[in-house]
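Student: I am new to this structure and would like a close look at a single part of it. Could you take me through that part slowly, in one connected answer?

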Amino acid sequence: MNDNDQVWNAFISAIPSQDKARHDLENFQAKLLKNALQEIEDQRLENLELSAQIVQLEEVLQGYSSLLHDVTKDRDRFRDDWKAMTQELSRWRS
């Protein structure tokens, strides 16, 4: 067997190992891609959940703001009524 035959035989015998290595690499890359896509989907769902929570918190905040506004108006109205009553009482005492 000459040197060319030995090189050819070595090349031919290495092909199955190369095919297996290529197949293993392709499987590994596919798993990485699948995991990355799943991570992206998980993050998307988490973002949606957080957005929904933000909307709920904004609604609660709006409710508290409205309540505070109503309480402030009631306080101002009570103060005005109190002033009017004390002025009326002062006139009655005079």
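Tutor: Before we begin, one term is needed: the bend at a residue is the angle between two axes, one fitted to the seven residues ending there and the other to the seven starting there. Please also keep in mind that what we are looking at is a predicted model.

The part to follow is helix 1, which covers residues 3-93. Helix 1 has 91 residues, and the distance from its first C-alpha to its last is 130 Å, which is close to the 135 Å expected at 1.5 Å a residue. With the term above in hand, we can place a kink of about 35° in helix 1 at I15, shortly before the proline P16.

Let us turn to the aromatic rings, for which a search of the whole structure finds two pairs. One of them joins W8 and F11, whose ring centres are 5.8 Å apart and whose planes make an angle of 35°, so that the pair is described as tilted, the word used for angles that are neither under 30 degrees nor over 60. W8 and F11 are three residues apart in helix 1 and therefore separated by about one helical turn. In general, an α-helix has 3.6 residues a turn, so residues three or four places apart point the same way. W8 counts as exposed because its relative accessibility is 52%, whereas F11, at 43%, counts as partly exposed.

The charged side chains come next. Side chains of opposite charge can pair when their charged atoms come close. A search of the whole structure finds seven salt bridges, and three of them can be described in turn, beginning with the one between R44 and E41, in which the closest N and O atoms are 2.8 Å apart. Here again the two partners, R44 and E41, are three residues apart in helix 1, which means that about one helical turn separates them. R44 is partly exposed, with a relative accessibility of 42%, and E41 is also partly exposed, at 31%.

A salt bridge also links R91 with E88, and its closest N and O atoms are 2.3 Å apart. Because R91 and E88 are three residues apart in helix 1, they too are separated by about one helical turn. R91 is exposed, with a relative accessible area of 59%, while E88, with 32%, is partly exposed.

The salt bridge between R75 and D76 has its closest N and O atoms 3.0 Å apart, and these two residues belong, together with R79, to a network of salt bridges. R75 is partly exposed at a relative accessible area of 48%, and D76 is partly exposed at 24%.

R79 also offers a way to judge distance along the chain, since Q53 and R79 are 26 residues apart in sequence and 38 Å apart in space, taken from C-alpha to C-alpha. Q53 is itself found in helix 1, where its relative accessibility of 44% makes it partly exposed.

Finally, there is a nonpolar patch on the surface, formed by V60, Y64, L67 and V71, which together have about 400 Å² of accessible area. V60, one of these residues, lies in helix 1 and counts as partly exposed because its relative accessibility is 44%.

Terms used: Residues are numbered from 1 along each chain as its sequence is written. This is a predicted model: local features need pLDDT of at least 70, side-chain atom pairs count only at pLDDT 80 or more; totals for chains, interfaces and linings use all residues. Side-chain values use heavy atoms; hydrogens and water are left out. Patches are made of residues with over 30% relative accessible area and no salt bridge: like charges are joined within 9 Å, nonpolar side chains (Val, Leu, Ile, Met, Phe, Trp, Tyr) within 5 Å. Accessible areas come from the Shrake-Rupley method with a 1.4 Å probe; for residues, only the protein chains shown count as cover. A salt bridge is a side-chain nitrogen of Lys or Arg within 4 Å of a carboxyl oxygen of Asp or Glu. Helices (H or I, at least four residues) and strands (E, at least two) are DSSP runs, numbered from the N terminus. Buried means under 20% relative accessible area, exposed over 50%, partly exposed in between (1.4 Å probe, protein chains only). The expected span of a helix is 1.5 Å times one less than its number of residues. Rings of Phe, Tyr and Trp (its six-membered ring) pair if their centres lie within 6.5 Å; planes under 30 degrees apart count as stacked, over 60 as edge-to-face and the rest as tilted.
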